[in-house]
Amino acid sequence: MLDGRFPLGSFMTRSTPFYYYDLSLLSRTLDTLLLESARNPDYKVHYAIKANFNPVILRKIARSGLGADCVSGGEINAALEAGFRPSEIFFAGVGKSDWEIRLALEKGIGRFNVESAAELEVISGIASGAGKVAPVSLRVNPDIGAHTHANITTGLAENKFGINYEQLDGVMRLAHSLPGIEYRGLHFHIGSQILDMMDFVALCNRINSLVERLQTAGMPVGDIDVGGGLGVSYEHPDELPVADFKSYFDTFRRHLRLPEGTVVHFEPGRSIVAQCGTLITRVLYVKQGTTRRFAIVDAGMTDLIRPALYKAFHRIQNLSSDGPEEVYDVVGPVCESSDVFLKGAVLNCCHRGDLIAIRSAGAYGESMASGYNCRPLPKAYFD
Ligand code: LLP
């Protein structure tokens, strides 16, 4: 397929593989997100940096005015360097190291999303020792299964994330009593690549009943962070290039029942950056096996691990050919049988040197790249 949406001329001269980012699509996505979230002045959006921390992408998102959701000291530093305001940076994660807690306190970040009583005590100790106060939200495990891949659901009781219901009241009391801790609210996150709005309705219902119970018990809940999770269309990246932010925010507007003036935080990652990124690779060899035909490309699972790790689907296109369609297993050069991008891909007839686009790769693509097999990390270009 010869595709007008990519600057093929400039691709020809570049060495592959590389990530290509369409910054105008990122702008359109951010505009839509901001328009839909701003309908409610109490909604605050923090971009989940783990989805893509390329500095160019981060700077653009920081300039749009979003906050950041970070899960490591490295991500906090990346967010600060990109220009996110410290007070808008939230620090989540089930295993925060002492140096990361110190860094977050020193930089004056806006929130620690705390996942256990043990962590709360450590933060209290470090903060009071440094004469600081840590603003804290407690991450609740809502025990809700999102209809998504098992490896990316996070809100089930069996998952390592969050504080369970039985312990919550005790940990809240602890948060109010410990020195160096300022209790600010509750945090939730049920999973990722969620397309069924009923999953978010279930989250809203859980939050409503919890808030009501805590308030009746005389425990004000503070603000609410509903996490991230909105999915994108991996099947139809051209038809649906911008995630359905309208349905997403409307769902929370319709179903969350919170005291007047409660601030609600959102932490989308994938829905902001997935569609603006494409992994561009070249066909090295076409090989006919006993039963299957392989298109062996120069990108591998080290550049985009989602298909190998989650059996995730990414649409693949041959940008150099409009020859007859054929069926290929698109595979990489890494010495692992799981180094497969797609089995049974229907592509215009492939030849050595053809440019191949692996679509919707802007989220959890470059950010999850590794140097396995001593492979260089993928480069990135912007347009
Ligand atoms: N907030 C928290 C607490 C999270 O754990 C995550 C993602 C997000 C926000 C952002 O979620 P998003 O809006 O991107 O769905 N590597 C996997 C996805 C892992 C998501 C981890 N947590 C993948 O490639 O599908």
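**Group meeting: a two-domain chain and its ligand**

Good morning. Let us begin inside the protein: Glu119 is buried, with a relative accessible area of 7%. Please keep in mind throughout that this is a predicted model. Where does Glu119 lie? It lies in helix 6, which spans residues 117-129. Setting aside residues up to four places away in sequence, Glu119 touches Gly93, Val94, Lys96, Asn113 and Val114.

Helix 6 also brings us to helix 5, because helix 6 is among the elements that cover the buried residues of helix 5. Helix 5 itself runs over residues 98-107, and its buried residues are Glu100, Ile101, Leu103, Ala104 and Leu105. To picture such a pattern, recall that an α-helix has 3.6 residues a turn, so residues three or four places apart point the same way. The cover over these buried residues further includes helix 4 (73-82), strand 4 (89-91), strand 5 (111-114) and strand 6 (134-139). Just after helix 5 comes Gly108, with a positive phi of about 70 degrees.

I turn now to the chain as a whole. The domain assignment gives domain 1, made of 8-18 + 275-382, and domain 2, made of 23-273. Taken over C-alpha atoms, the centres of the two domains are 33 Å apart. How many residues are in contact between them? On the side of domain 1 there are 20 residues, and they are in contact with 23 residues of domain 2.

The ligand comes next. It is surrounded by 18 residues, and the closest are Ser192, Glu267, Arg306, Tyr310 and Tyr364. Each of the two domains supplies at least three residues to this shell. By class, the shell holds 6 nonpolar, 6 polar and 6 charged residues. Three side chains deserve a closer look. An N or O atom in the side chain of Glu267 is 2.6 Å from a nitrogen atom of the ligand. For Tyr310, a polar side-chain atom lies 2.8 Å from a nitrogen atom of the ligand. In the case of Asp69, the distance from a side-chain N or O atom to a ligand nitrogen atom is 3.4 Å. How much of the ligand does the protein cover? On its own the ligand has 580 Å² of accessible area, and the protein covers 92% of that.

Let us finish with some details of the backbone. Most residues other than glycine have a negative phi, and most peptide bonds are trans. Gln193 is not a glycine, yet its phi is positive, at about 55 degrees. This residue lies in the loop between strand 7 (181-187) and helix 8 (197-216). Is Gln193 buried or exposed? Its relative accessibility is 16%, so Gln193 counts as buried.

Cys374 also has a positive phi, near 55 degrees, and is a residue other than glycine. Its place is the loop between strand 15 and strand 16. Because its relative accessibility is 79%, Cys374 counts as exposed.

Leu377 is found in the loop between strand 15 (355-358) and strand 16 (379-382). With 55% relative accessibility, Leu377 counts as exposed. Leaving out residues up to four places away in sequence, Leu377 touches Ala369, Ser370 and Gly371. The C-alpha atom of Leu377 is 9.3 Å from that of Pro17, although the two residues are 360 residues apart along the chain.

Pro17 is my last stop. It lies in the loop between helix 1 (8-12) and strand 1 (18-21), and the peptide bond from Thr16 to Pro17 is cis, with omega near 0 degrees. Thank you for your attention.

Key:
Residues numbered from 1 in each chain as written. Predicted model: local features only at pLDDT ≥ 70, side-chain atom pairs only at ≥ 80, totals over all residues. Heavy atoms only, no water. Near = heavy atom within 4 Å. Polar contact = N/O pair within 3.5 Å; in protein donor to acceptor, adjacent residues only side chain to side chain. Areas by Shrake-Rupley, 256 points an atom, 1.4 Å probe, with all protein chains shown as cover. Nonpolar A, V, L, I, M, F, W, Y, C, P; charged D, E, K, R; others polar. Domains from an automatic or database assignment. Helix = DSSP H or I, 4+ residues; strand = E, 2+ residues; numbered from the N terminus. Buried < 20%, exposed > 50% of the residue type's maximum accessible area, 1.4 Å probe, protein only. Contact = heavy atoms within 4.5 Å.
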